[in-house]
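Open the model in your viewer and keep the selection tool at hand. The stops below go from one element to the next.

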Amino acid sequence: MKPLRKLFKIRGGVHPDDHKGRTAQSSIEDMPMPALLHIPLQQHIGSPASPMVKRGDRVLKGQLLAHSQGMISAPVHAPTSGRIVGVGNYPAHHPSGLSVHTITLQPDGADRWIEGEAPPTDPFALEPEEIATRVAAAGIVGMGGATFPSAVKLNLRSRYCLETLVINGAECEPYLTCDDRLMREESAAVIDGIRIMAYALGVKRVIIGIENNKPEAQAAMQAAAEAFPEIEIARLPARYPMGSEKHLVQTVTGVETPARGLTADIGVVVHNVATAYAVHDALRFGRPLISRVVTISGGAIRLPKNLRVLIGTPIEELITHCGGYSETPERLISGGPMMGQPLPGTRVPIIKGSNGVLALTVRETKAEEAMPCIRCASCVKACPCGLVPLEMANYIRSGDLEGAVAYGLMDCISCGSCAFVCPSNIRLVQFFNYAKGELTARQRAEHTQNETRRLAEARTIRLERQKQAKREAMARRKQAQEAAKQAKQAAEARAQQAARTGS
Amino acid sequence: MSGPVSGPHAHGAISLRQTMLLVMLALLPATLFGLSIYGWPAFNLLTVTIVASLLAEAVCLVIAGKPVGIYLKDGSAILTGWLLAMTLPPWAPWWIGVCGALIAIVLGKQVFGGIGQNLFNPAMVARVALLIAFPLEMTTFVAPKPLFTESAPDFVQSLAITFGGGMHIDAVSSATTLGFVKTELGRHNPLDGALSQVFDLLNGFTGFMPGSMGETSAMLVLLGGLFLLYRRIISWHIPVAMIASITLLAGVFHTLSPEHFTGPLVHLLSGATLLGAFFIATDLVTSPVTARGQIIFGAGCGVLVYVIRSWANYPEGVAFAVMLMNALTPLIDHYVRPRVYGRDRKGQPLVYKGESWERDSEASR
């Protein structure tokens with residue numbers, strides 16, 4: 001037994017009811033093959049993937065459907081074998097419900113794998129860069145919900161001297177148990193994926209942070225990591241937002257990431273446990289990321305479950321598989337209740353970053369009318385970032401977004417701790433997200449304006465220069481004509497003179 | 001689907017109304033004690049003050065065009081009236097309560113924009129205004145006459161005291177500890193001997209002495225305060241800073257000159273010190289929002305209380321002290337903020353001296 005890691009305190013945070021008991025004891029179950037899969041081309045942060053198939057094509061399981069474009073992007077693969085029945089637009093897994101570029105695949109039921117290159121014999125014999133390349137090719141993105149392409153983070157080695165890999169198994173969002181189950185049922189595979197990532201990053205130390213409300217996962221991971229002295233398990237107090245990247249790193253290493261910076265600035269890279277599992281799958285078996293574990297829960301779900309779901313499976317099929325609704329949900333959420341986003345409907349597909357689908361009743365959301373702020377400072381105590389949410393909201397309410405920025409708006413991680421504890425039910429995060437969006441829009445508008453001005457000025461200068469050139473050319477021509485005329489006259493005069501003298 | 005787009009889609013258990021209810025619950029023991037030792041007149045005054053507060057709040061809400069039901073139910077008007085009554089002489093006539101309630105709700109709270117917007121603690125605005133306008137009624141205290149004892153007025157008599165032409169002041173009046181101290185010092189009498197006539201440690205603690213309706217029982221006020229701390233409605237910063245600064249100042253001056261300055265225990269157990277420290281200075285709306293700000297605020301209240309009691313004309317200074325510090329709250333909140341994550345106290349991103357994990361851009365090429 002390894003000694004327990006000393007932990008460091010972070011400020012703020014809240015203790016929501018974790019509701020994990022609904023699904024913590026249900027093993028991961030394979031979701032039956034759906035009738036249609038809708039695979040969006042953008043399931044990650046960065047540029048969307050570019051489609052390589054067209055309607056009517058037959059594809060095999062694991063075949064590349066769309067390749068990544070640009071530095072920050074990720075490819076998507078066929079979750080099963082079948083026929084492409086559409087390359088077009090389909091409602092996105094996003095609160096807006098807008099349509100996005102999506103490939104629709106009709107499974108043929110054979111579920112036949114593509115004949116790929118043989119998986120490597122030993123990932124540890126590969127060059128670290130090669131591991132990142134394969135992770136990129138497998139379309140792996142941060143599976144805790146952030147969906148940042150994982151390979152980009154594995155390549156940070158070239159820019160930073162990395163010391164520590166922190167694995168995020170905190171799963172601090174209530175209800176969600178997908179990471180918990182994965183750590184319990186696939187601990188060896190997860191540890192293997194972690195070791196491959198540690199090798200790719202060139203770090204000597206790995207810390208796996210798991211909250212104390214998951215003792216079985218802690219024990220399973222501890223046992224699986226026993227043989228590897230570089231891996232430590234950190235038993236984290238159950239407190240939201242323990243899974244916030246920078247706060248997790250501070251809890252286990254004691255070092256605070258500078259504002260506006262990356263954890264890499266302090267020599268640390270963070271990856272999620274589900275990402276580690278996907279890396280294991282990709283490097284050991286050559287399998288791309290085509291499925292993930294999703295927790296289907298909430299008071300309105302009759303039989304809450306943890307399901308292994310193919311990417312692209314419509315959410316309505318998951319809900320039906322979980323026995324449907326026991327009552328009409330007040331809200332349908334993608335992700336956890338603290339930072340998850342409402343879903344516009346049940347037609348939308350599961351994507352790489354979906355860790356949960358929650359159908360919450362009004363008793364769970366406790367949605368009430370907002371009352372005036374009584375300056376009780378609960379939000380100040382709860383904020384893990386040391387902000388004064390009530391003052392920021394006051395500035396935003398009065399339209400002074402710069403005032404809110406001066407109070408630290410851009411350091412807000414939108415964790416929702418403030419709104420969770422607000423006795424007046426003020427939607428603080430809504431204020432902050434609005435302000436952040438508005439500021440981005442303004443910045444973009446300003447940028448557009450500046451660009452337009454720059455281009456217009458350049459055009460004026462260019463036109464002026466052209467005119468000038470024309471004028472000069474004209475003047476030159478005139479001069480040349482003049483000179484030619486004079487020359488001609490002179491020549492004629494000379495000729496006449498010559499003729500006269502000659503005669 | 002309706003509802004906001006942003007999370008969280010869950011909420012902590014406690015609401016604004018529950019917060020107010022818990023504060024009332026914390027006030028209950030001291031209130032019941034006050035009612036029992038000062039009898040029916042105290043009950044009348046408390047009722048009148050609370051009813052007047054509710055009516056004033058309702059009228060203001062109607063004028064402001066706000067939904068009356070929701071805002072009345074939040075409990076803040078009841079609490080304001082209640083807190084004000086706690087600081088009034090228990091046998092004061094009814095119009096003291098009504099005037100106080102009007103001042104508190106209309107001038108102290110609603111003209112600022114209602115709940116959460118007021119700069120000063122409404123109950124203290126009212127108390128100070130009453131003290132200045134009606135000094136006689138506001139400083140006429142009675143000795144405890146516990147309910148159902150022979151000396152206590154019955155309900156009918158109490159109606160005459162509260163609603164009648166006023167009480168027979170001379171027959172019942174009795175000095176508070178702080179009032180007595182002020183008078184004795186005014187007569188240039190040394191304190192050490194005289195004080196024992198009015199102040200008894202045990203009575204000071206339990207509350208069997210003349211004073212305002214809900215201020216006398218240090219024990220029960222403290223109990224309520226600890227309950228608020230336990231339920232995390234208030235944090236320890238303001239009460240501890242306030243009590244500590246009073247104790248420190250009183251201790252120092254009492255040691256230097258015991259015949260002119262009373263000791264810390266007298267200061268803590270008499271007047272509104274504890275009620276002020278736990279229920280009035282900690283008023284959420286009018287106190288700073290950060291821990292450090294609250295310590296500054298609490299210490300400031302304590303210093304002002306001591307200064308007013310010792311050197312100003314009034315024997316008691318909690319209301320003035322809290323109001324003066326209320327005026328400083330916006331200033332404190334502007335300058336005292338928590339350190340933002342990843343930044344130093346000046347707001348600049350943290351820099352780790354001598355340590356850099358970024359590879360030298362030249363070397364990597």
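Select helix 7 of chain A: this helix is mostly covered, with eleven of its 13 residues buried. The model is predicted. Buried positions in helix 7 of chain A include Val273(A), Tyr277(A), His280(A), Asp281(A) and Leu283(A). Helix 7 of chain A covers residues 273-285 and reaches 18 Å from its first C-alpha to its last, close to the 18 Å expected at 1.5 Å a residue. Step just past the end of helix 7 of chain A to Gly286(A), which takes a positive phi of about 65°.

Which strands does helix 7 of chain A lie across? They are strand 9 and strand 12 of chain A, and the helix runs at about 80° to strand 12 of chain A.

Next, show the sheet that holds these strands. It is an open sheet of four strands of chain A, ordered 11-10-9-12, with parallel pairing. Strand 11 (231-236) and strand 12 (268-272) of chain A each have a single partner strand, so one side of each is left without a neighbour in the sheet. On average, neighbouring strands here are turned by 25° against each other, direction ignored.

Now select residues 164-169 and 205-211 of chain A. These are strand 9 and strand 10 of chain A, which run parallel and are joined by six bridges. For one pair, pick Thr164(A): it stands opposite Arg205(A) in strand 10 of chain A. Add helix 4 (residues 187-201) of chain A, which packs on this sheet and touches strand 9, strand 10, strand 11 and strand 12 of chain A. The direction of helix 4 of chain A makes about 150° with that of strand 9 of chain A.

Move to another sheet of chain A, an open one of six strands in the order 1-14-13-17-15-16, with mixed pairing. Its edges are strand 1 (28-30) and strand 16 (341-342) of chain A; each has a single partner strand, so one side of each lacks a neighbour in the sheet. Helix 3 (residues 178-185) of chain A packs on this sheet, touching strand 1, strand 13, strand 14 (305-310) and strand 17 of chain A. Its direction makes about 125° with that of strand 13 of chain A.

Within this sheet, select strand 13 (residues 291-297) and strand 17 (residues 356-360) of chain A, a parallel pair joined by three bridges. Ser297(A) has Leu358(A) in strand 17 of chain A as its bridge partner.

Finally, colour by chain. How many residues does each chain bring to the contact? Chain A gives 59 residues and chain B gives 37 residues. On the side of chain B that touches chain A, 18 residues are nonpolar, 13 polar and six charged.

Notes. Residues numbered from 1 in each chain as written. Chains lettered and ligands numbered in written order. Predicted model: local features only at pLDDT ≥ 70, side-chain atom pairs only at ≥ 80, totals over all residues. Contact = placed C-beta atoms within 7 Å. Nonpolar A, V, L, I, M, F, W, Y, C, P; charged D, E, K, R; others polar. Helix = DSSP H or I, 4+ residues; strand = E, 2+ residues; numbered from the N terminus. Expected span 1.5 Å × (residues − 1). Buried ≥ 20, exposed ≤ 12 C-beta atoms within 10 Å, placed from the backbone. Pairing = 2+ DSSP bridges. Axes fitted to C-alpha atoms, helices over the stretch in contact; angles between N-to-C directions.
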